[in-house]
Amino acid sequence: YSQILSTSLDCDSIITLTLIVHPNVSIDILREICEGDSVTIGTQSFKETGNYTVKLLGSFRCDSTVNLSLTVHPPKSTQLERTICAGDSVMIGNQTFKEDGNYVVILNTSKGCDSTVFLTLNVNSTPVINASVDKSIVLPGEAVQLDVTASGSYSFNWTPAGAVSNPLIANPTAIVNTPTWFVVRASDITTECASVDSVFVD
């Protein structure tokens, strides 16, 4: 802008004005944080989920409005109870557990917040069994008596199944034509934990 004025001596005085108008600035911010953390804008800190408006002064003393949409993620807690057989394990994160007990594992959620797992682990013992045969050396076509001793209530499975009279009992008989390994698997009816033993007949 130019403005012509008169001085006190009636001379022209030309004033030239260069005017720059800076617009007010509005900024939208989306933030996600974990419980216990905060977001600071200007001199204000925010820790709870909500929508907030903060007025600031820009570098030219103009209003700067910040619109904050804040989501606060609470910590996650999970209760787990697992029952396994001796020799098996449970993995949580990068930790492996094999013994009876109560355990606490701290993990991170997909948002980077704490996820606490409370694990109660029960470990059942495996059956103690002993497979035996009445004769370890026989002639081709000769019968042998197989047996497995175990203390408790178990289901049994002998292999090779086709070589024994009944693969699902503790004491089947078998006809031996070639040297054979007879393998028995005993499973606890209640816990389903299992053990394996074997005998060789030549």
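K111 is partly exposed in this predicted model, its relative accessible area being 48%. That value lies below the bound for an exposed residue, because exposed requires over 50% relative accessible area. The side chain of K111 takes part in a salt bridge with E32, in which the closest N and O atoms are 3.3 Å apart. Side chains of opposite charge can pair when their charged atoms come close. K111 belongs to the loop between β11 and β12, whereas E32 belongs to strand β3, so the salt bridge ties together parts that are 79 residues apart in sequence.

How many salt bridges does a search of the whole structure find? The search finds 2 salt bridges. Besides the pair of K111 and E32, there is a salt bridge between the side chains of E142 and K135, with an N to O distance of 2.8 Å. E142 is partly exposed at 24% relative accessibility, and K135 is partly exposed as well, with a relative accessible area of 29%.

**Disulfides**

A search of the whole structure finds 2 disulfides. When the bonded cysteines are counted along the chain, their pattern is 1-3, 2-4. The table sets out the geometry of each link.

| Disulfide | Sulfur to sulfur distance | Angle about the S-S bond | Hand |
|---|---|---|---|
| C34 and C113 | 2.1 Å | -90° | left-handed |
| C85 and C193 | 2.0 Å | -95° | left-handed |

The disulfide of C34 and C113 links distant parts of the chain, 79 residues apart. C34 is in strand β3, and C113 is in the loop between β11 (101–108) and β12 (114–124). Strand β3 and this loop are also the elements that hold E32 and K111, respectively. Is C34 buried or exposed? C34 counts as buried, because its relative accessibility is 14% and buried means under 20%. C113 is buried too, with a relative accessible area of 2%.

For the link of C85 and C193, the sulfur atoms are 2.0 Å apart. C85 lies in strand β8 (residues 76–85) and C193 in the loop between β17 and β18, so this disulfide ties together parts that are 108 residues apart in sequence. Both cysteines, C85 and C193, are buried.

**Aromatic pairs**

The count of aromatic pairs comes to 3. One of them joins F97 and Y103, whose ring centres lie 4.5 Å from each other with 40° between the planes. This pair is classed as tilted, because planes under 30 degrees apart count as stacked and those over 60 as edge-to-face. F97 counts as buried at 8% relative accessibility, whereas Y103 is partly exposed, with a relative accessible area of 22%.

Another tilted pair is formed by W181 and F200, with 5.1 Å centre to centre and 50° between the planes. Which parts of the chain does this pair tie together? W181 is in strand β17 (residues 180–188) and F200 is in strand β18 (residues 194–201), so the pair ties together parts that are 19 residues apart in sequence. W181 is exposed, at a relative accessible area of 52%, while F200 is partly exposed at 34% relative accessibility.

**A buried leucine and a nonpolar surface patch**

L146 is part of strand β14 (residues 142–150). With 0% relative accessibility, L146 counts as buried. Apart from its neighbours within four places in sequence, L146 is in contact with S132, V133, W158, V164, A170, N171, P172, A174, F182 and V199. L146 and L56 are 90 residues apart in sequence, and their C-alpha atoms are 89 Å apart in space.

On the surface, L17, L19 and V21 form a nonpolar patch, and together these residues have about 320 Å² of accessible area. V21 is placed in the loop between β2 (12–16) and β3 (25–34). Is V21 buried or exposed? At 68% relative accessibility, V21 counts as exposed.

How values were computed:
Residues numbered from 1 in each chain as written. Predicted model: local features only at pLDDT ≥ 70, side-chain atom pairs only at ≥ 80, totals over all residues. Heavy atoms only, no water. Phe/Tyr/Trp six-rings, centres within 6.5 Å; stacked < 30°, edge-to-face > 60°. Buried < 20%, exposed > 50% of the residue type's maximum accessible area, 1.4 Å probe, protein only. Helix = DSSP H or I, 4+ residues; strand = E, 2+ residues; numbered from the N terminus. Patch = residues over 30% accessible without salt bridge, like charges linked within 9 Å, V, L, I, M, F, W, Y side chains within 5 Å. Areas by Shrake-Rupley, 256 points an atom, 1.4 Å probe, with all protein chains shown as cover. Salt bridge = Lys/Arg side-chain N within 4 Å of Asp/Glu carboxyl O. Contact = heavy atoms within 4.5 Å. Disulfide = S-S within 2.5 Å.
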